[in-house]
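User: I am new to reading structures, and I would like to understand how the labels used for them are justified. Could we go through some of them step by step?

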Amino acid sequence: MTDNKGGIYIKEIDFIKEIEDICFREEAWSLEALRSSLQREDIVYGLVHDEAGTPTGYFIAAVSFEEAELYRIAVIPEKRGMGYGKKLMDRFLKSCPQKTERVFLEVRESNVPAVRLYESFGFKVMGRRKKYYGNEDALNYTLILNNNG
Ligand SMILES: CC(C)(COP(=O)(O)OP(=O)(O)OC[C@H]1O[C@@H](n2cnc3c(N)ncnc32)[C@H](O)[C@@H]1OP(=O)(O)O)[C@@H](O)C(=O)NCCC(=O)NCCS
């Protein structure tokens with residue numbers, strides 16, 4: 001059963017937290033941080049499930065005015081390479097309002113699966129933060145949306 005408290009589905013947070021811990025380990029957001037983010041009005045998020053109905057991944061993003069920023073996209077390791085990441089990205093982009101013109105995200109340079117996923121959706125590198133992740137640079141990606149047609 002799913003409880004709905006303050007507009008947030010408790011079970012969904014639990015699933016997100018579980019996947020978050022598996023995928024991001026020591027960089028995982030705390031339950032409190034997740035809860036307060038998901039309650040923000042500018043936040044959009046979504047879960048994807050496998051054919052058995054088990055949650056396998058999620059995205060979390062902020063959308064405000066003409067801009068959106070993707071904070072998290074993750075799929076549990078045993079379900080990777082099966083199209084769930086693409087499905088999540090697709091859902092995120094479709095959830096952006098018509099007025100959204102630009103989508104931003106940041107990623108570790110060495111995160112090849114994520115980089116390929118982003119580039120396959122047309123994201124382009126617009127900047128780099130030197131040594132943002134300790135010894136590693138962060139790449140700043142931007143996608144320009146054409147919602148005029
Ligand atoms: C990035 C991530 C979400 C991709 O999810 P996924 O379900 O495996 O992705 P998909 O199966 O939909 O693949 C989509 C595209 O990503 C790329 N990709 C996925 N896995 C890849 C891999 N191991 N190596 C290279 N490219 C890969 C490919 O371009 C692929 O498209 P293709 O199959 O047409 O070649 C997943 O690897 C993940 O959860 N990583 C850990 C969390 C993370 O680092 N998130 C990003 C930072 S928030």
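User: Which residue in E8 does Tyr133 stand opposite?

Analyst: Tyr133 stands opposite Glu136 in E8. Please keep in mind that this is a predicted model, and that every value we discuss has been computed from it.

User: What makes E7 and E8 a pair of strands?

Analyst: Two strands pair if at least two bridges are found between them. E7 and E8 are joined by six bridges and run antiparallel, so they satisfy that condition. The two strands form a hairpin with two residues between them, and in the turn Gly134 has a positive phi of about 65°.

User: How do you know that E6 also pairs with E8?

Analyst: The same kind of reasoning applies, because the cut-off is at least two bridges and strand E6, residues 102-108, is linked to strand E8, residues 136-144, over seven bridges in the antiparallel sense. Arg108, for its part, stands opposite Ala138 in E8.

User: Why is Lys131 called exposed?

Analyst: A residue counts as exposed if 12 or fewer other C-beta atoms lie within 10 Å of its own. Lys131 has 9 such neighbours inside 10 Å, and therefore it counts as exposed. Lys131 lies in strand E7, which covers residues 124-133, and its phi is near 50°, a positive value in a residue other than glycine.

User: Why is Arg25 called exposed?

Analyst: Arg25 has 8 other C-beta atoms within 10 Å, and because the label covers residues with 12 or fewer, Arg25 is exposed. Arg25 is found in the loop between helix H1 (10-24) and helix H2 (31-38), and although Arg25 is not a glycine, it has a positive phi of about 45°.

User: Why is Leu31 called partly exposed?

Analyst: Leu31, which lies in helix H2, has 14 other C-beta atoms within 10 Å. Since buried requires 20 or more and exposed requires 12 or fewer, the value for Leu31 falls in between, and so Leu31 is partly exposed.

User: What makes H4 stand out in the shell around the ligand?

Analyst: H4 gives the most to that shell, with six residues, while strand E5 (67-75), helix H3 (84-95) and helix H4 (112-120) each supply at least two. Of the 20 residues around the ligand, those that come nearest are Arg80, Gly85, Pro113, Arg116 and Leu117. Sorted by class, the shell has 11 nonpolar, five polar and four charged residues.

Technical notes. Residues numbered from 1 in each chain as written. Predicted model: local features only at pLDDT ≥ 70, side-chain atom pairs only at ≥ 80, totals over all residues. Near = placed C-beta within 6 Å. Helix = DSSP H or I, 4+ residues; strand = E, 2+ residues; numbered from the N terminus. Nonpolar A, V, L, I, M, F, W, Y, C, P; charged D, E, K, R; others polar.
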